[in-house]
Amino acid sequence: MHRVATLVHAPQSTFELACAAEVFGIERRELPTRYSFGVCTENPGPVATRAGYDILVTDGLDALDRADTVIVPGWLPTDEPPSPAVVRALRRAHERGARVVSICSGAFALAHAGLLDGRSATTHWALADEFAARFPAVSLDPDVLYVDHGDVATSAGAGAAIDLCLHLVRADQGAEYAAHVSRNMVMPPHREGGQLQYAAPPHPSQVDGSLAPLVEWATGRLDEPLTVEDLAAHAGCSARTLARRFTEQLGTSPGRWLLAQRVIAARELLESSELPVDTVARRVGLSSATNLRRRFLYALGTTPGAYRRTFRAGPGYGVSPCSPPPVPRSSTRAR
């Protein structure tokens with residue numbers, strides 16, 4: 001059982017806390033329970049929230065000493081540094097090997113603890129200037145949804161919190177388990193961390209130009225040698241126009257989106273089947289085992305064979321809870 005401890009602080013954002021609780025703290029009948037979820041605070045008792053009500057938290061900072069993952073779901077006000085006791089607790093958790101995660105303004109707490117020095121990180125775009133000025137030792141990327149270094153991860157605000165939490169479940173338990181959680185939450189398909197936090201508002205002429213039909217068409221044909229030109233032809237526009245629409249609606253390019261879908265499909269096949277790697281590569285449109293290995297190594301920092309050994313098909317949606325997950329690459333947008 002993977003233990004998740006969420007550190008709250010007044011005035012706590014209820015949405016950021018709810019994102020973590022919904023992903024890690026809900027038992028789902030169709031899934032084996034792999035996480036225990038708890039909430040703690042520096043001074044146990046009522047904790048005020050930004051929604052106008054208090055939450056009663058009974059666990060103190062010692063809960064962080066027992067956690068496998070520590071989540072800081074926001075830290076407000078941002079100009080109030082965490083106390084020395086909180087800083088010590090965060091550092092202690094990280095030093096003993098716990099994964100430390102921030103959501104939105106929670107990156108300020110991690111930065112005060114020195115856990116982001118010399119690393120890339122992100123936070124809500126509206127806080128980017130303040131964060132960059134206060135923590136020059138951190139390489140801030142204000143555009144991406146989340147950044148994951150394996151031991152430390154940061155996300156942007158609001159919906160990006162769910163993206164990061166589902167990404168962590170995918171790294172821990174595999175793509176199939178994460179997909180069940182996502183469907184249960186009625187969430188859209190997985191978004192990679194390198195996608196933009198927000199897109200430009202659509203021009204009135206683009207309102208009827210949703211990419212949803214194209215996305216559905218393409219994901220059903222990943223075994224075919226689709227190209228960006230094929231996508232553009234099916235959408236009835238030029239490749240340049242398609243690239244602009246992808247950036248506006250999905251925050252990524254058509255080529256990067258298509259490659260990400262192929263890698264996701266390969267992960268699911270590796271988890272759920274005994275197909276040879278070369279066959280998996282052809283079924284997801286990556287042509288050869290060599291190409292699949294190269295794409296896998298870049299996207300996940302591991303090989304298809306190592307990934308399959310970790311997530312060997314078997315009871316409980318093909319996940320071996322005793323096997324250590326691969327460490328994912330930092331999910332930052334290519335520049």
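No disulfides were found in a search of the whole structure, which is a predicted model. Cys 165 takes part in no disulfide; the nearest cysteine sulfur belongs to Cys 19 and lies 6.7 Å away. Because a disulfide requires a pair of cysteine sulfur atoms within 2.5 Å, the separation of 6.7 Å between the sulfurs of Cys 165 and Cys 19 does not qualify. Cys 165 is nevertheless classed as buried, with a relative accessibility of 0%.

Strand 6, comprising residues 99–103, is mostly covered, and five of its five residues are buried. In a regular strand the side chains alternate between the two faces of the sheet. Both faces of strand 6 are covered: Arg 99, Val 101 and Ile 103 are buried on one side, and Val 100 and Ser 102 are buried on the other. The chain reaches strand 6 from strand 5 by way of helix 2 (residues 84–95), in a β-α-β crossover that is right-handed. Strand 5 (residues 69–73) and strand 6 run parallel and are joined by five bridges. Within this pairing, Val 72 is positioned opposite Ser 102 of strand 6. Strand 6 also pairs with strand 10 (residues 152–155), again in the parallel sense, over four bridges. Here Ile 103 stands opposite Ser 155 of strand 10.

Thr 41 is located in the loop that connects strand 2 (35–40) with strand 3 (45–48). The relative accessible area of Thr 41 is 7%, so this residue counts as buried. Its side chain reaches the backbone oxygen of Val 8 at a distance of 3.1 Å. When residues up to four places away in sequence are not counted, Thr 41 touches Leu 7, Val 8, Val 47, Val 57, Asp 59, Gly 60 and Leu 61. Val 8 thus appears both as a residue touched by Thr 41 and as the provider of the backbone oxygen reached by the Thr 41 side chain.

In helix 7 (residues 212–219), the buried residues are Leu 214, Trp 217 and Ala 218. These residues lie on the same side of helix 7, because they cover an arc of only 95° around the axis. The cover over the buried residues of helix 7 includes helix 8 (228–235), helix 9 (239–250) and helix 10 (254–272).

Methods: Residues numbered from 1 in each chain as written. Predicted model: local features only at pLDDT ≥ 70, side-chain atom pairs only at ≥ 80, totals over all residues. Heavy atoms only, no water. Buried < 20%, exposed > 50% of the residue type's maximum accessible area, 1.4 Å probe, protein only. Helix = DSSP H or I, 4+ residues; strand = E, 2+ residues; numbered from the N terminus. Arc of directions from axis to C-beta. Contact = heavy atoms within 4.5 Å. Polar contact = N/O pair within 3.5 Å; in protein donor to acceptor, adjacent residues only side chain to side chain. Pairing = 2+ DSSP bridges. Right-handed = clockwise from strand over helix to strand, strands pointing away.
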